[in-house]
Amino acid sequence: VFPSLAQAQASVANEVYRELDQPSVFLFCPTEYCSSLCSPSPSQSYYLLTLGQELLPGIGVIWTGPKVVSQELSATLLEEVEGVLRRRPIIWDNLYANDYDCRRVFLGPYTGRAPGLMPRVRGLLLNPNCELQANFVPIHTLGSWFRSELGSCAHPDHAGMETAAALGDRQGPQEGSYSPQEALELALHDWVAEINRQALEPGR
């Protein structure tokens, strides 16, 4: 019935979206959901170009970055994806995900995301570790990153600055900036407090 997979998917997604009275949040995960799955590149992918043309504008499209598990996200890549999809992507961040290898548990801070990404994304979903307790630091440091991004958006001279300095190399409390090391220390401080609080609960 359809000349391509992208047109088939867009048609079904649009129909469901309309049937649900066009809800404010409606997410679509494409078959090509990261750069490494695109042929030859996101901006030249016929599949993504078709989705950008055919999907109704209210439908959010999920994107994981350069790879399924992306060590870094840049504003340049997100601009490319926005251009081809004709909408800002929703980042499905697999930085902490370990459902593909349960021997791997990443307890470090949220890192590798360039400053000034907020204006380039419609939203961000964090795919956590499978182990519930191991997600305190990931979620806490994500909150610190998010607050720093809000600070950058409030001060346009900081927003969108993607400098050569890696996020992990930042030191010192600068307005609108994010330090993974400082965020980690804050998270660990609060985690210890939470562990101590739980230890005092009856039956612990």
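A residue is counted as buried when its relative accessible area is under 20%. In the predicted model examined here, that criterion is met in helix 3, which spans residues 75-85, by Ala75, Leu77, Leu78, Val81, Val84 and Leu85. The cover over these buried residues of helix 3 is provided by elements that include helix 2, strand 2 (60-63) and strand 3 (90-93). An α-helix has 3.6 residues a turn, so residues three or four places apart point the same way. Within the list of buried positions, this spacing can be followed from Leu78 to Val81 and from Val81 to Val84.

Taken over the whole protein, the same criterion classes 43% of the 204 residues as buried. The accessible surface amounts to about 11200 Å², and carbon and sulfur atoms hold 57% of that area. The secondary structure consists of five helices and four strands, which follow one another from the N terminus in the order α-β-α-β-α-β-β-α-α. Among the contacts whose partners are separated by 6 or more positions, 72% join residues that lie 24 or more positions apart in the sequence.

The packing of the N-terminal elements was described through the pair formed by helix 1 (residues 5-19) and helix 2 (residues 46-54), whose axes come within 9 Å and cross at roughly 30°. Since angles under 35 degrees count as roughly parallel, helix 1 and helix 2 are therefore assigned to that class, and the crossing of helix 1 past helix 2 is right-handed. On the side of helix 1, the residues that take part are Leu5, Ala6, Gln7, Gln9, Ala10 and Asn14, and these meet Tyr46, Tyr47, Thr50, Leu51 and Glu54 of helix 2. Sorted by class, the contact between the two helices comprises six nonpolar, four polar and one charged residues.

The loop between strand 1 (27-28) and helix 2 contains serine 43, and proline 40 is placed in this loop as well. The peptide bond that leads from serine 39 to proline 40 is cis, with omega near -5°. Serine 43 has a relative accessible area of 36% and is, for that reason, classed as partly exposed. When neighbours within four places in sequence are set aside, the contacts of serine 43 are with Leu49, Glu80 and Val84, and Val84 is one of the buried residues of helix 3. A further relation to helix 3 is given by valine 81, which is separated from serine 43 by 38 residues in sequence but by 6.8 Å in space, C-alpha to C-alpha.

Most residues other than glycine have a negative phi, and most peptide bonds are trans. Against this background, two residues with a positive phi may be noted alongside the cis bond before proline 40. Aspartate 21, in the loop between helix 1 and strand 1, has a phi near 65°, and with a relative accessible area of 67% aspartate 21 is exposed. Arginine 86, which follows helix 3 and is situated in the loop between helix 3 and strand 3, has a phi near 60°. Because residues over 50% relative accessible area are classed as exposed, arginine 86 is placed in that category at 57%.

Methods: Residues numbered from 1 in each chain as written. Predicted model: local features only at pLDDT ≥ 70, side-chain atom pairs only at ≥ 80, totals over all residues. Heavy atoms only, no water. Axes fitted to C-alpha atoms, helices over the stretch in contact; angles between N-to-C directions. Helix = DSSP H or I, 4+ residues; strand = E, 2+ residues; numbered from the N terminus. Parallel < 35°, antiparallel > 145°, perpendicular 65-115°, else oblique. Left-handed = near helix turned anticlockwise from the far one by under 90°. Contact = heavy atoms within 4.5 Å. Nonpolar A, V, L, I, M, F, W, Y, C, P; charged D, E, K, R; others polar. Buried < 20%, exposed > 50% of the residue type's maximum accessible area, 1.4 Å probe, protein only. Areas by Shrake-Rupley, 256 points an atom, 1.4 Å probe, with all protein chains shown as cover.
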